[in-house]
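Let's take a walk through this protein together, pausing at a few helix pairs and a handful of single residues. Keep the structure open beside you as you read.

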Amino acid sequence: MEATAAKPPLHGLTFSRATVANRAFAAIYTCAVLALLYQHALTVLNSTTFLSFSLFLTFLFADLLLGFMWATGQCFRMQLVHCHVFPENLLKVTREEDFPAMDVFICTADPDKEPPMSVVNTALSVMAYDYPAEKLSVYVSDDGGSALTLFAFVEAAKFGSHWLPFCRRNKVVERCPEAYFRSYRSNETKKIKVMYESMKERVENVVYSEKFTDDYITNEQERQAFNKWTQGFTRQEHPTVIQVLLEIGKDRDVTGQSMPNLIYVSRQKSKTSPHHFKAGAQNALLRVSAVLTNAPIILTLDCDMYSNDPQTPYSMLCYLFDTTMTPELGYVQFPQRFCGLNKNDIYACELRRVYLINSAGLNGLAGPNHVGTGCFFSRRVFFGGPSSFVSPEIPELRPDHVVKMPIQAQSILAMAHQVADCKYEDQTNWGSKMGFRYGSLVEDFYTGYRLQCEGWRSVFCHPNRPAFLGNAPITLNDALNQIKRCSVGLLEVGISKYSPLTFGVRAMGPIMGHCYANYAFWPIWSIPLTMYAFLPQLALVNGLSIFLKIELLTNRLGIAKNGFNLTSKVLDGEQSKRYDQGTFEFEVESPMFVPLSTAAIVNLISFFGGLVGVFRGGDFDGLFVQIFVAGFVVVNCWPIYEAMVLRTDKGRMPTKTILISTFLAWALYSAASHIDPTPRPLEDTHPSHMTQPSQATQPSQAPHLPQSTDSTQPPSNETEFNQKVLAEIPESLQTTEVRDKIFHKVFGEDGHGYCKTYGAGVPRSAVYGQSSYLSHASSFSTLNEITRQVREATQEIEQRLSIEIEQWLSSEIE
């Protein structure tokens, strides 16, 4: 029998050699973190004042949060793998005729913040895939219900009949028209570029004027479509609009080849029914597409995330045609990448750790989380787990349903309108057990998390050429709004009954559960960061040391109500220029700028105030860490200082924000200045060896010993001794023998005053003994108490010696 030829591989993976090193590092670093937390706990327990107790408890809490986030972050590095695909082998294993049909979902919601031409470019880039056109359907969800968006796609359908054959004929790789025309020029390119610019001008004119005349409508079908926008049609209240713009087999390009389906959908909206933002729009698309085409593969894209590689579906199919993975393979996630980032990525929008590093770590476990775009789903995943199918209400929505009628058949369109109704989901499992899940503003993260809890696996596919490219925010306000929405949505998951720390750990295991916990609780980074941005600096302004001294460190080391806010994708010329130059944008009067500016001002004052204090003789060792932290913040806040003082362009910090931040900084400084830094003991306790003066040795009973005017302040060095103790002894009797005798009796026989004094340059061991150790943090709150006790003991010695001194002096005179 002849051996069957082995099929070429479609994908493979390699384990990272850094995995062992990562695990060793995590083990060692864990010991260091635990030691630090233990030291913090001891410091809190040894605090003797309410102020010090509160302060150190705050820092213990902050470091516990930092430790938690670090520990959960290490879970991503426990099983690093790198996956590879071989799309060139795909046609050696199967035929194009066997490719599954694919539905593409593109969601938009606001033509003002998401320009229709950007959405059009995304749609045209995927319509031009190297994929059988008869198996491709593109659905555009317009949740804003805008006639402007529909008009843009009417124009795009006409231009697409020229663009798709142009891409095939010239083997164009960058099939987003806007991106292609920025890079390539030729005689043929000029011709089609003129067509594109003409379409773009018509669309932008209509969007700018927010209306269009009959001159733009070319046939009766278009007129009927636009007639649906009546007087009462608003973004929040309107009926379902489903418009088939291109139909497979019916509409053809200029070369005679069939065009893919292009379908505009705007689900019904009502103020009396919840719409669940993007997740609700995607579920409406799931049902409408099931009725019209019901493709087994679904690609979800953001409206500005265009295709950058026409063979991206081939990479996805490399996993889909692997029969060993298919039963539990829920989705294939491509990384979210951005074009147009400036060289320093000043707003940190690339998020390499989230989209690349962490995803590679999850690939060695159950697979990456869903990031909202660039994801190929199996339609089956939206109807229960691999072994627990959840049946929809009608058979036409089942993932195995076969559509036998054309998409423009009256019965088909009627049913599509029915399932897009705003009340269709009432009393159903949509959003809870079926479809994209409701309950969080970050529906992508929550849906991927719930799918993996049900038993589905995913794959992270990261080809050398980015599969998709999108636009990143170019203003700080947009970036912060995006972070705010994500933070709220992630916390909604973290504190829900499906929290990764409880439900996730049980469903997916401890490592995957803690990976998702790292995402879900990511917003709590703001708590320790805020504490470290203000508390050490306010203490520094008052000259208080709250960290270990440099001397101690070196000794130990041996040298110690929310809504869904859209991010604007509109590109302003001046803003784009400043962004390309790496200049931060503060033009908007946003309340989110106030804490940033306040922290910048407080840290600046603290930094220079700390330096001045040190130059005036302050404790540099004790204040060094606080000065360093404040200096680090000052350096990183330079763009804020620049925007507040130096810049004159429109992107400078608004005057109102500067005034509010300055007032808040002044208020914090004033409040901190009124806190009495002098420690007051929680309990008036004394060590057993520190006895109180007896009645027999009270100052009133010391008959002739010279006393200082302030009995609570005994002499602490030889100079003070000369001024206080010898002041009342006749000069003729102040011989060297007499002076040394009295000095040694009072201060100890070492002759240097180290036994019972505590001041600058005096070692702790001289006062407390070698076996007793006083932590730095504890000493901050107990120094005054210890000094008081030492002084009391010194007074007792003085009183006891007074009689001896008087008797000795009397005998010498006689």
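Helices α20 and α23 cross in a right-handed sense. This is a predicted model, so treat what follows as a reading of that prediction. To find the pair, look for α20 at residues 593-615 and α23 at residues 655-673. Their axes come within 8 Å and cross at roughly 50°. Angles from 35 to 65 degrees fall outside both the roughly parallel and the roughly perpendicular classes, so α20 is oblique to α23.

Which residues in the two helices meet? On the α20 side they are Phe-593, Val-594, Ser-597, Thr-598, Ile-601 and Val-602. Facing them in α23 are Thr-657, Ile-660, Ser-661, Thr-662, Leu-664, Ala-665 and Leu-668. Sorted by class, this contact of α20 with α23 holds eight nonpolar and five polar residues, with no charged ones.

Stay in this area for a moment and look for Met-653, in the loop between α22 (638-646) and α23. Is Met-653 buried or exposed? It counts as buried, because its relative accessibility is 1% and the cut-off for buried is under 20%. Beyond its neighbours within four places in sequence, Met-653 is in contact with Phe-593 and Ser-597, two residues that also take part in the meeting of α20 with α23. The other contacts of Met-653 counted this way are Phe-586, Ile-640, Ala-643, Met-644 and Ile-658. Phe-584 is 69 residues from Met-653 along the chain, and their C-alpha atoms are separated by 9.7 Å.

Now step back to the whole protein. It has 27 helices and 15 strands. Of its 814 residues, 51% are buried. The protein exposes about 39,500 Å², and carbon and sulfur atoms supply 57% of that area.

Two further helix pairs are worth a visit. The first stop is α15 (residues 500-508) with α16 (residues 510-520), whose axes lie 7 Å apart at an angle of about 150°. Angles over 145 degrees count as roughly antiparallel, so α15 is roughly antiparallel to α16. The crossing of α15 past α16 is right-handed. From α15, the residues in the contact are Pro-500, Leu-501, Gly-504, Val-505 and Met-508. They meet Pro-510, Met-512, Gly-513, His-514, Tyr-516, Ala-517 and Ala-520 of α16. Nine of the residues in this contact of α15 with α16 are nonpolar and three are polar, while none is charged.

The next stop is α2 (residues 50-74) with α17 (residues 526-541), which pack at an angle of about 145° with their axes 9 Å apart. Here the crossing is left-handed. Helix α2 contributes Leu-55, Thr-58, Phe-59, Phe-61, Ala-62, Asp-63, Leu-65 and Leu-66 to the contact. Helix α17 brings Ile-527, Pro-528, Met-531, Tyr-532, Leu-535 and Pro-536. By class, the contact of α2 with α17 has 12 nonpolar residues, one polar and one charged.

Let's turn to some single residues within helices. Thr-122 sits in helix α4 (residues 116-127). With a relative accessible area of 1%, Thr-122 is buried. Setting aside neighbours within four places in sequence, Thr-122 is in contact with Ile-106 and with Leu-301, Asp-302, Cys-303, Asp-304, Met-305 and Tyr-306.

Asp-444 belongs to helix α13 (residues 443-453). Its relative accessibility is 15%, so Asp-444 counts as buried. What does Asp-444 touch, not counting residues up to four places away in sequence? The answer is His-370, Val-371 and Gly-372. Asp-444 and Gly-372 are 72 residues apart in sequence, but 4.6 Å apart in space from C-alpha to C-alpha.

Finally, check the backbone in two loops. Most residues other than glycine have a negative phi. Lys-171, in the loop between α5 (147-170) and α6 (177-183), has a positive phi near 50°. Lys-171 counts as exposed, at 70% relative accessibility. His-276 also has a positive phi, of about 60°, although it is not a glycine. You will find His-276 in the loop between β6 (261-266) and α9 (277-292), where His-276 is partly exposed with a relative accessible area of 31%.

Notes
Residues are numbered from 1 along each chain as its sequence is written. This is a predicted model: local features need pLDDT of at least 70, side-chain atom pairs count only at pLDDT 80 or more; totals for chains, interfaces and linings use all residues. Side-chain values use heavy atoms; hydrogens and water are left out. Axes are lines fitted to C-alpha atoms, for helices over the stretch in contact, and angles run from 0 to 180 degrees between N-to-C directions. Helices (H or I, at least four residues) and strands (E, at least two) are DSSP runs, numbered from the N terminus. Angles under 35 degrees count as roughly parallel, over 145 as roughly antiparallel, 65 to 115 as roughly perpendicular and the rest as oblique. A crossing is left-handed if the near helix is turned anticlockwise from the far one by less than a right angle, and right-handed if clockwise. Contact means heavy atoms within 4.5 Å. Ala, Val, Leu, Ile, Met, Phe, Trp, Tyr, Cys and Pro count as nonpolar, Asp, Glu, Lys and Arg as charged, and the others, Gly among them, as polar. Buried means under 20% relative accessible area, exposed over 50%, partly exposed in between (1.4 Å probe, protein chains only). Accessible areas come from the Shrake-Rupley method with a 1.4 Å probe; for residues, only the protein chains shown count as cover.
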